[in-house]
Amino acid sequence: MAENGVETSVISFNAVISAFDSGGQWQHALRIFSSLADSKVESDIVTYSAAIGACENVGEWEQALRLFVAMAQNKLESSALMYNAAIRACEKGDEYEKALVLFGVMTERKVESTTLTHNAAIVANKKNGTWEKALQLFSALADSQVESNRISHNAAISACKTRHEWKTALQLFSDMAQSNVEPITSTFHATISALEKGGEWEKAMHCLGLLSRSE
């Protein structure tokens, strides 16, 4: 594609796709990506990363996976950033099992994961009903160089809530202070819910009091 004698480069395409992605216009971003097929410009890792990122933001998991597969077919190596985007697209699109399959592939291929990756996998396990795996992933953070954050703790505590694992939820809540991670309102609510479902009303009231003082 050329205009006024100026050849359009892959860098130009990448910049436009990223701009549409940042502006929340994922459909335009993918339209630009598709137009590369009609041009002499070959897409690169940055192009795919920007396009998959656009899918991630709106949970367009099917398109994200198509791009992920196409990238492999074009013999482009997937980075942690791309895995993150594809996993989060599946998680946001409620395709939790697909998100977990991708996370498994990422682990097998020894692609370095990030806090974002682990959080998406923990949330996917929680929503998929595999709460034990969610807690295993959270525990694995302590043995790795990946740091946990509020989202990690919230997802793990919420996983406990679904199975009345109030002791584990309370322990996770206590661990936040030791890890210098400040709980937010949703953290308190998840912990209180786990305590209530476990019949631990006094502890739930204590936690409610902590919430009141933190607000």
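Lys 110 is exposed, with a relative accessible area of 75%. This residue sits in the loop between α6 (96–108) and α7, and its phi is positive, at about 60 degrees, although Lys 110 is not a glycine. Lys 75, in the loop between α4 (61–73) and α5, also has a phi near 60 degrees, a positive value in a residue other than glycine. The relative accessible area of Lys 75 is 78%, so this residue counts as exposed. Most residues other than glycine have a negative phi.

These values come from a predicted model. The mean pLDDT of the protein is 84, and 94% of the residues reach 70 or more. Over residues 1–7 the pLDDT stays under 50. For that N-terminal segment the model has eight contacts beyond four places in sequence.

The secondary structure consists of 12 helices and two strands. Read from the N terminus, the two strands precede the helices, in the order β-β-α-α-α-α-α-α-α-α-α-α-α-α. Along the principal axes, the C-alpha atoms fill a box of roughly 75 × 35 × 25 Å. Of the 215 residues, 42% count as buried. The accessible surface comes to about 12000 Å², and carbon and sulfur atoms account for 50% of this area. Among contacts between residues at least 6 apart in sequence, 57% join residues at least 24 apart. The charged side chains comprise 19 positive and 26 negative groups. The centres of these two sets lie 4 Å apart.

The largest nonpolar core contains 61 residues. Those with the most contacts inside this core are Ile 52, Leu 67, Phe 68, Ile 87, Ile 122, Ile 157 and Leu 172. Helix α5 (residues 80–92) gives the most to the core, contributing eight residues. In soluble globular proteins, nonpolar side chains tend to be buried together. When residues up to four places away in sequence are not counted, Leu 172 touches Leu 135, Phe 138, His 153, Ala 156, Ile 157 and Cys 160. One of these partners, Ile 157, is itself listed with Leu 172 among the residues with the most contacts inside the core.

Cys 90 also lies in helix α5. The relative accessibility of Cys 90 is 0%, and this residue therefore counts as buried, the cut-off being under 20% relative accessible area. Beyond four places in sequence, Cys 90 touches Trp 61, Leu 65, Glu 95, Tyr 96, Lys 98, Ala 99 and Leu 102. The contacts of Cys 90 thus include the charged residues Glu 95 and Lys 98. Between Cys 90 and Ala 19, the separation is 71 residues in sequence and 23 Å in space, C-alpha to C-alpha.

A polar residue, Asn 119, is found in helix α7 (residues 115–128). Asn 119 counts as buried because its relative accessibility is 5%, which falls under the 20% limit. Apart from residues up to four places away in sequence, Asn 119 touches Asn 149, Ile 151 and Ser 152. Both Asn 119 and Cys 90 are thus buried residues within helices, at 5% and 0% relative accessibility, whereas Lys 75 and Lys 110 are exposed.

Definitions and conventions:
Residues numbered from 1 in each chain as written. Predicted model: local features only at pLDDT ≥ 70, side-chain atom pairs only at ≥ 80, totals over all residues. Heavy atoms only, no water. Core = buried A, V, L, I, M, F, W, Y, C linked by side-chain atoms within 4.5 Å. Buried < 20%, exposed > 50% of the residue type's maximum accessible area, 1.4 Å probe, protein only. Helix = DSSP H or I, 4+ residues; strand = E, 2+ residues; numbered from the N terminus. Contact = heavy atoms within 4.5 Å. pLDDT = per-residue confidence, 0-100. Areas by Shrake-Rupley, 256 points an atom, 1.4 Å probe, with all protein chains shown as cover. Charge placed at Lys NZ, Arg CZ, Asp CG, Glu CD.
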